[in-house]
Amino acid sequence: MALMAAPLAVMLLAGCAASSLPTIAVSDANAAMNQGYRVSGGDKIRVSVFDEPTLTGEYDVGLDGGLSLPLLGTIPAQGKSAEQLAQAIAAALSEGGYVNDPRVSVDVALHRPFFILGEVQAPGEYPYAGDLTVEQAIAKAGGYTPRAARSEVVLRRASWPEPRRIKLGNSPLLIGPGDTIRVEEAFF
């Protein structure tokens, strides 16, 4: 009897910890996505410097958010838009005397992946594609298991201090690169 009580207690405590997460609306979760994409560690960036083929190429953003470029060393990229990063690279090239009047463009060649855990058929890491919704992410993971709670998910974004519970409704929940989605088990 005591052997059966211990797993039950662990399950109940796990449920209590998960229920203490803050709950937010889909619109609040989507607000951060509507502010535009910000570069982060794990992204692959395409840098084009007009008339400078040796400086043009694809570069990985390190987990520390730094972008290592020829001649310039490491430039902070974390949290910058592609336009802001292009301006920072152009300024560094100009200030260093490497290129007079540099014209730089930056694109995200490959976004960092998103992760999906819990009650889906194939939990794991998946490549991110723009304008991804939670329904599409769940479909990529093979769909829900029969035990899945389909009315809410737990979402973790790098910019949030803790995961948040989101009740799903009529509005699509947008997923971003690096997000972790957890589909919990339905108890009723």
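The lining of the largest cavity turns out to be nonpolar throughout: its residues split into 9 nonpolar, no polar and no charged. The residues in question are Val47, Val49, Leu55, Tyr59, Leu69, Pro70, Leu72, Ile89 and Leu93. Two elements, E2 and H3, each put at least two residues into this lining. As for the space itself, the largest cavity holds about 40 Å³, and the structure has just 1 cavity of 30 Å³ or more. All of this is read from a predicted model, so a word on confidence belongs here as well. Across the protein, the mean pLDDT comes to 88, and 89% of the residues reach 70 or more. Confidence bottoms out in helix H1 (residues 2–19), with a mean of 45, and peaks in strand E13 (residues 180–183), at 97. Over residues 1–18 the pLDDT stays below 50, and beyond near neighbours in sequence this stretch makes 3 contacts in the model.

Turning to the overall build, the protein has 4 helices and 13 strands. Of its 188 residues, 37% are buried. Taking the contacts between residues at least 6 apart in sequence, 53% join residues at least 24 apart. The protein exposes about 10,700 Å² of surface, and carbon and sulfur atoms supply 57% of that area.

Two aspartates have backbone angles worth a look. Asp51 has a phi near 65°, a positive value in a residue other than glycine. This aspartate sits in the loop between strand E2 (44–49) and strand E3 (57–60). Strand E2 is also one of the elements that give the largest cavity at least two lining residues. Asp51 itself counts as exposed because its relative accessibility is 61%, over the 50% cut-off. Asp101 also has a positive phi without being a glycine, at about 50°. Its place is the loop between helix H3 (82–95) and strand E6 (104–110). With a relative accessibility of 64%, Asp101 counts as exposed too.

Next come two residues on the stretch of chain that leads into H3. Gly73 is found in strand E5 (residues 73–76). At a relative accessible area of 34%, Gly73 is partly exposed, since that class runs between the 20% and 50% cut-offs. Leaving aside neighbours within four places in sequence, Gly73 is in contact with Leu67 and Ser68. Ala92 lies 19 residues away from Gly73 along the chain, and the C-alpha atoms of the two are separated by 10.0 Å.

Ser81 belongs to the loop between E5 and H3. This serine has a relative accessible area of 18% and is therefore buried, the limit for that class being under 20%. With neighbours within four places in sequence again set aside, Ser81 is in contact with Tyr37 and Arg38.

Conventions
Residues numbered from 1 in each chain as written. Predicted model: local features only at pLDDT ≥ 70, side-chain atom pairs only at ≥ 80, totals over all residues. Heavy atoms only, no water. Buried < 20%, exposed > 50% of the residue type's maximum accessible area, 1.4 Å probe, protein only. 1 Å grid on protein atoms, 1.4 Å probe; cavity = no way out; pocket = protein on both sides within 12 Å on 5 of 7 lines; lining within 4 Å. Points joined across faces, edges and corners; volume = space filled by probe spheres on them. Nonpolar A, V, L, I, M, F, W, Y, C, P; charged D, E, K, R; others polar. Contact = heavy atoms within 4.5 Å. Areas by Shrake-Rupley, 256 points an atom, 1.4 Å probe, with all protein chains shown as cover. pLDDT = per-residue confidence, 0-100.
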